[in-house]
Amino acid sequence: MPSPLLIALLLILAWPLAGQTPTKAAGDAMRLAWSGDDLDAVVEAAEGLAFADLYRAVSSGPSYPAVPAGVSVRYWTDDRGVEFRYAVMVPPGYDPGHPYPVHVYLHGGIMRPLSQRGDRWWSDDSRMIDSTRIAVFPLGWDEATWWGPHQAAHLAAISRALRQEFNVDENRFFLVGISDGGTGVYFHAFRESTIWAGFLAYIGHPAVLNNPRADTDGELFVTNVTNRPLFIVSGEVDRLYPSAVVAPYVERFRAAGVEVVFRPQAGGGHDMRWLPNEVGTIRAFLESHPRDPLPDTIAWETERTDRYQRHHWLIITQLGAVPGETPLSAQELFQHRERSGRVDIARRDNRFVARTRGVRRFRLLLSPEEIDFSRELTVEVNGVVAFQGMVRPDPVTLLSWAMQDRDRSMPFGAELDIEVPEQP
């Protein structure tokens, strides 16, 4: 078995010089991963290729074709065979050589049956779309609410499809919602936020998600919202969710460390009449909050490991208490019926330091953007070293995550499974 020093030397020699472009073979393998879902075919295409060359290809991404401006309706089918629709608005003058922000809008009135929504559910309101971004309007209905598992999968599928077809800015995907859509925005902030740079919730209320009649998909944890900024608007005399009943939630968010911009509207009702006066504030929020694709710190909590278990480079893979684990304080806003697990983890260079509660195993996704694979890596959990050693980057891992995420800014070249150690 080669020594760590030899492995390090080989990796250094294999790494291309700055400015080098990927080979055609690496580019072909990357495009296959970007455009398809056949991992076996991707593995075959990557056989014999250098990791560093594939990494350059994945980080560069594909070349995007020109597409006409205007509205098109797209379709996605879930694992039950149910068809979902969404409208994509491509701005005039779309330039495939320039990355565009994406705003995804969740509409209100979610409890209406699908048959009553007709074929046109989106808006051509110029206040919501302009030439600087791609706008997307998913369709929801009473059997596919914004806070259910199928819409969570739908939004993830939309994200992957857009990244495949358009030159988008992966770090400026924003989720915006109005009324029920605003409530849905809160759900995704709690449960599935890796895609998004930030959340804008208009005239909704997070308390709706705590109502058993809403049939929300699982538990809600304030810890998770600390990873993303919120922009919240509510009306003073809103007949459903007046500012006075939303404000206590905002204060609890802030107490937990969530970054919140709260804009209560004097005299405002359950409508969007306030929007022209807030355009500048909204734009400032959007401009100042790009996503960090590889954050140095993550705090994530979940009660399940089949979904909602990942945030960026952290995946919680097994729940359960471990003797001697660290107590972790949290702001509690919602009823919890299930036992959950939480990981607070920070990375500095090749060293990870984690605290856990109710987690037996987790996985780290290691990016060449942040990790020096020529040096030893250390993972400390609850004060105990859980791993120390060399980790080799793997072309198959790199391409499989490129296939899953289609995110040029978030390449992962290795996975590391960590078992939470008991305290000595």
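1. Asn227 is in contact with Thr297, Ile298, Ala299, Trp300 and His311, once neighbours within four places in sequence are left aside. The model is a predicted one, and this residue is a useful place to enter it. Asn227 sits in the loop between helix 7 (222–225) and strand 7 (230–235). A polar atom of the Asn227 side chain lies 2.8 Å from the backbone oxygen of Ala299, and Ala299 is also among the contacts of Asn227.

2. Is Asn227 buried or exposed? Its relative accessible area is 16%, and the cut-off for buried is under 20%, so Asn227 counts as buried. For a sense of distance across the model, Asn227 and Thr326 are 99 residues apart in sequence, and their C-alpha atoms are 20 Å apart in space.

3. The overall build comes next. The chain has 10 helices and 17 strands. Its C-alpha atoms fill a box of roughly 70 × 55 × 40 Å along the principal axes. For 424 residues, a compact globule would have a radius of gyration near 22 Å, and the 22 Å of the chain agrees with that.

4. On burial and contacts, 54% of the 424 residues count as buried. Among contacts in the chain with a separation of 6 or more, 74% are between residues 24 or more positions apart. The contacts of Asn227 with residues such as Thr297 and His311 can be looked at with this in mind.

5. On the surface, the chain exposes about 18,500 Å², and carbon and sulfur atoms supply 50% of that area. The chain has 42 positive and 54 negative charges, and the mean positions of the two sets are 3 Å apart.

6. Two aspartates deserve a check of their backbone angles. Most residues other than glycine have a negative phi. Asp215, although not a glycine, has a positive phi of about 55 degrees. Asp215 is placed in the loop between strand 6 (198–202) and helix 7. With a relative accessible area of 61%, Asp215 is exposed.

7. Asp349 is the other aspartate to look at. Its phi is positive, about 55 degrees, although Asp349 is not a glycine. Asp349 belongs to the loop between strand 12 (341–348) and strand 13 (351–357). Why does Asp349 count as exposed? Its relative accessibility is 52%, and the cut-off for exposed is over 50%, so Asp349 counts as exposed.

8. Asp78 is an aspartate in another setting. Asp78 lies in the loop between strand 1 (70–77) and strand 2 (83–90), and at 8% relative accessibility it counts as buried. Its side chain makes a polar contact of 2.5 Å with the side chain of Arg80. Not counting residues up to four places away in sequence, Asp78 touches Phe84 and His150.

9. Ser159 gives an example from a helix. Where is Ser159 found? Ser159 is part of helix 5, which covers residues 149–165. Ser159 has a relative accessible area of 2% and is therefore buried. Which residues does Ser159 touch, not counting those up to four places away in sequence? They are Phe173 and Ile195.

Terms used. Residues are numbered from 1 along each chain as its sequence is written. This is a predicted model: local features need pLDDT of at least 70, side-chain atom pairs count only at pLDDT 80 or more; totals for chains, interfaces and linings use all residues. Side-chain values use heavy atoms; hydrogens and water are left out. Helices (H or I, at least four residues) and strands (E, at least two) are DSSP runs, numbered from the N terminus. The radius of gyration is taken over C-alpha atoms; the globule rule is 2.2 Å times the number of residues to the power 0.38. Buried means under 20% relative accessible area, exposed over 50%, partly exposed in between (1.4 Å probe, protein chains only). Contact means heavy atoms within 4.5 Å. Accessible areas come from the Shrake-Rupley method with a 1.4 Å probe; for residues, only the protein chains shown count as cover. Lys and Arg count as positive and Asp and Glu as negative; His and the chain ends are not counted. The place of a charge is taken as NZ of Lys, CZ of Arg, CG of Asp or CD of Glu. A polar contact is a pair of N or O atoms within 3.5 Å; within protein, one must be able to donate a hydrogen and the other to accept it, and residues adjacent in sequence count only if both atoms are side-chain atoms.
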